[in-house]
Amino acid sequence: MRDVSIGQYYQTDSVIHRLDPRVKLVLAVAYIVMIFFIVSFIGYALGFLFILILVLLSRVPPLQVLRSLRMILFLIIFTFVLTVLFYRGGGDDLLFGWQFIKIYKTALINASKMALRIMLLVLGPSVLTLTTTPVELTDALERLLWPLAKIKLPVHELAIIMSIALRLIPTLVEETDKIISAQKARCAEFDSGNIFKRAKALLPVLIPLFVSSFRRADELAFAMDSRCYRGAVGRTRMKVMRLALRDLFAVLGFCAVFFAVLLLTYNWFGFGFIPLLTPGGY
Amino acid sequence: MPIVTEQLSYVYSPKSPFAKQALNGVTLTVADGDFLGVIGHTGSGKSTLAGHFNALIRVQSGRVEVDGIDLRPKKLDFKLLRSTVGMVFQYPEYQLFDESVERDVGFGPRNLKIPPDEIAERVRESLEMVGLDYEGVRRRSPFELSGGQKRRVALAGVLAMRPKILVLDEPTAGLDPRGKAEILELIRRVKKYMCPTVIMISHNMDEIAANCNKIAVMSGGSLVCVLPPEELFTRGDLLKEHGIEMPAVTRIANALADRGLDIPRSLVREDDLVAAIVAAKRGAIKAATPAKPERAQKAENNIPHTDAVKDAAKKGGDECVTFR
């Protein structure tokens with residue numbers, strides 16, 4: 001149950017942790033866009049270098065970051081194999097052929113690029129979630145979506161629902177562990193029998209979990225009421241987010257990387273060294 | 001020898017930045033018929049130790065033997081083990097789930113594949129053992145009972161497996177004084193008639209002192225000592241070092257002894273305290289009688305006052321403030 005890593009925040013103090021969450025969120029979105037502009041291996045190398053620098057700056061142990069890749073390892077392998085096996089493009093660069101299995105060089109290159117792209121897509125946001133608490137993230141989201149409140153979208157309410165939900169995930173996981181232990185102590189078995197039996201075996205866990213979630217929700221509502229919570233209107237913040245100089249540097253740094261990526265892809269100025277970095281268009 | 005642990009150590013999430021040593025070389029023996037109290041601050045490893053006794057937490061290093069079963073092998077007869085060691089967790093009422101009290105209590109025995117008519121009998125037996133009216137509650141939903149009743153039903157659910165050893169993790173947490181007294185009474189009854197060996201984790205020294213014959217003190221994952229209450233609560237050095245509170249009865253005894261009453265300081269049970277006070281008063285009277293009959297007469301009249309002391313002792317902690 002401990003693998004539920006939505007709240008995978010890694011507590012430490014670093015310049016990346018201190019960045020304004022709004023800036024981090026916007027940059028994370030821009031980063032994802034950037035990945036799709038990368039076409040060459042040297043571009044991917046640049047992407048990985050960027051991530052490496054971020055991880056080093058954030059003081060999160062690199063193994064912790066790689067852990068997020070472990071979960072999608074299967075997806076990466078699966079897409080790689082499928083792309084290689086079902087590529088039906090070129091005909092002249094056949095590397096290996098046996099009956100209906102044909103492996104082309106172009107397919108291998110495309111599949112590798114796709115795998116690299118998925119890795120980058122996962123690594124970037126996990127740096128974000130490792131260095132930003134879920135509460136900071138929802139706050140940032142609320143602030144960024146503020147214009148939508150003008151057209152009567154309940155932005156604040158959505159944000160508070162999200163932060164409460166995120167806050168309760170670890171609590172519920174802990175609760176689930178406790179209930180599972182208690183039922184196991186009464187000789188409940190969760191890992192035997194067919195699928196229907198197993199689903200039924202979960203009832204003694206799910207029912208108490210539901211009951212306690214309702215109880216918690218009730219108590220929380222009372223607690224919020226008793227502290228005069230009235231929704232967004234007239235509410236001030238304890239932590240006011242202010243942009244600092246480091247946020248400017250972060251934006252500028254990211255823009256530089258984005259620009260480098262675009263340059264590698266489009267070579268607007270016709271630099272001679274760029275084709276050299278991407279031999280054969282790879 | 002129902003429970004033996006030897007050099008038992010346990011680390012949560014080993015080989016990770018979050019690794020935490022929860023148990024550190026615990027060697028402990030719990031004999032048949034013991035009522036063992038386990039005390040220690042939050043995070044001292046009490047619950048981790050208890051979790052080992054029915055293999056909810058598996059042995060990492062060291063050895064655990066429960067009722068002759070070695071708990072080290074990966075494959076175990078979990079059903080046998082878990083029906084031998086009944087485990088009652090904190091707030092056990094949160095584990096109730098079934099549509100009726102009867103079915104909920106029968107959950108354990110059903111998992112043990114016991115024939116239906118025997119289950120019915122066990123359910124009746126354990127509901128009566130926890131002081132509930134079998135006919136009155138059996139068809140009711142466990143969710144419509146009161147807090148104290150729910151806890152009893154949860155306890156009955158564990159007793160229905162007829163354990164030989166009962167492990168209780170803070171059985172009185174969150175109950176009012178009356179509910180606490182009732183649950184403790186019930187635990188004493190269970191120990192007497194059903195399940196001879198009881199291990200109780202608690203933060204309440206009054207409960208521990210009044211019921212246990214041995215107390216294990218845990219601190220930072222290590223077992224500090226196992227002592228009978230009379231000895232533990234007179235060891236000022238231990239109490240101070242590990243921040244253990246004295247039970248109200250011992251505090252009263254100490255306060256009275258400080259003021260010159262001739263009673264032992266190691267008293268831990270209310271009845272013993274009252275008896276000691278009465279004896280001390282009588283002794284004082286006897287000593288006084290030959291010399292000054294007049295004062296003795298007065299002292300004799302004073303004896304009923306011991307009732308006031310008895311009341312004070314009964315009320316426990318709140319009253320002893322005046323003695324400090």
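# A tour of chains A and B

Start with chain A as a surface: its accessible area comes to about 17600 Å², and carbon and sulfur atoms hold 70% of that. Keep in mind throughout that this is a predicted model.

**Stop 1: chain A as a whole**

Switch chain A to cartoon. You should find 12 helices and two strands. Trace the chain from its start. Four helices come before the two strands, and eight helices follow them, in the pattern α-α-α-α-β-β-α-α-α-α-α-α-α-α. The radius of gyration is 24 Å, while the globule rule gives 19 Å for 282 residues, so chain A is more spread out than a compact globule. Draw a box around the C-alpha atoms along the principal axes. The box is roughly 70 × 55 × 40 Å.

Now colour chain A by burial. Of its 282 residues, 35% are buried. Then turn to contacts with a separation of 6 or more. In chain A, 75% of these join residues 24 or more positions apart.

Colour the charges next. Chain A carries 31 positive side chains and 18 negative ones. How far apart do the centres of the two sets lie? The distance is 2 Å.

**Stop 2: a loop in chain A**

Select A:K152. Look for this lysine in the loop that runs between α7 (146–149) and α8 (155–185). Check its backbone: phi is positive, about 65 degrees, and the residue is not a glycine. Most residues other than glycine have a negative phi. Is A:K152 buried or exposed? It is exposed, at a relative accessible area of 77%.

**Stop 3: chain B as a whole**

Hide chain A and show chain B as cartoon. Here there are 16 helices and 10 strands. Chain B has 324 residues, and 50% of them count as buried. For contacts with a separation of 6 or more, 62% in chain B link residues 24 or more positions apart. Its accessible surface is about 15600 Å². Carbon and sulfur atoms account for 51% of that area.

**Stop 4: early in chain B**

Select B:S13. This serine is in the loop between β1 (3–12) and β2 (20–30). Its phi is positive too, near 35 degrees, in a residue other than glycine. B:S13 is partly exposed, with 40% relative accessibility.

Move on to B:T48 in helix α1, residues 46–52. What surrounds this threonine, beyond residues up to four places away in sequence? Show B:Y10, B:Y12, B:A22, B:L23 and B:I57, which B:T48 touches. B:T48 has a relative accessible area of 7% and is buried.

**Stop 5: helix α9 of chain B**

Select B:A209. The alanine is in helix α9, residues 205–211. Its relative accessible area is 0%, so B:A209 counts as buried. Set aside neighbours within four places in sequence and display its contacts: B:P229, B:F233, B:P247, B:V268 and B:R269. Then measure from B:A209 to B:E270. These two are 61 residues apart along the chain, and 9.8 Å separates their C-alpha atoms.

**Stop 6: where the chains meet**

Bring chain A back. Select the residues of each chain that contact the other. You should get 22 in chain B and 17 in chain A. The size of an interface is often given as the accessible area lost when the parts come together. Here the two chains bury about 1800 Å² between them, and 65% of it is on carbon and sulfur atoms. Which residues of chain B lose the most area to chain A? They are B:Y94, B:Q95 and B:F97, together 31% of what that side buries.

**Stop 7: B:F97**

Finish by centring on B:F97. This phenylalanine is in the loop between β6 (85–88) and α3 (101–105) of chain B. B:F97 is buried, at a relative accessible area of 7%. Show its partners, leaving out residues up to four places away in sequence. On the chain A side, B:F97 touches A:Q183, A:R186, A:P204, A:I207 and A:P208. In its own chain, B:F97 touches B:D104, B:F107 and B:F143. Last, pick B:P142. B:P142 and B:F97 are 45 residues apart along the chain, with 7.6 Å between their C-alpha atoms.

How values were computed
Residues are numbered from 1 along each chain as its sequence is written. Chains are lettered from A and ligands numbered from 1 in the order in which they are written. This is a predicted model: local features need pLDDT of at least 70, side-chain atom pairs count only at pLDDT 80 or more; totals for chains, interfaces and linings use all residues. Side-chain values use heavy atoms; hydrogens and water are left out. The radius of gyration is taken over C-alpha atoms; the globule rule is 2.2 Å times the number of residues to the power 0.38. Buried means under 20% relative accessible area, exposed over 50%, partly exposed in between (1.4 Å probe, protein chains only). Contact means heavy atoms within 4.5 Å. Accessible areas come from the Shrake-Rupley method with a 1.4 Å probe; for residues, only the protein chains shown count as cover. Lys and Arg count as positive and Asp and Glu as negative; His and the chain ends are not counted. The place of a charge is taken as NZ of Lys, CZ of Arg, CG of Asp or CD of Glu. Buried area is the accessible area (1.4 Å probe) that two parts lose on being put together, summed over both.
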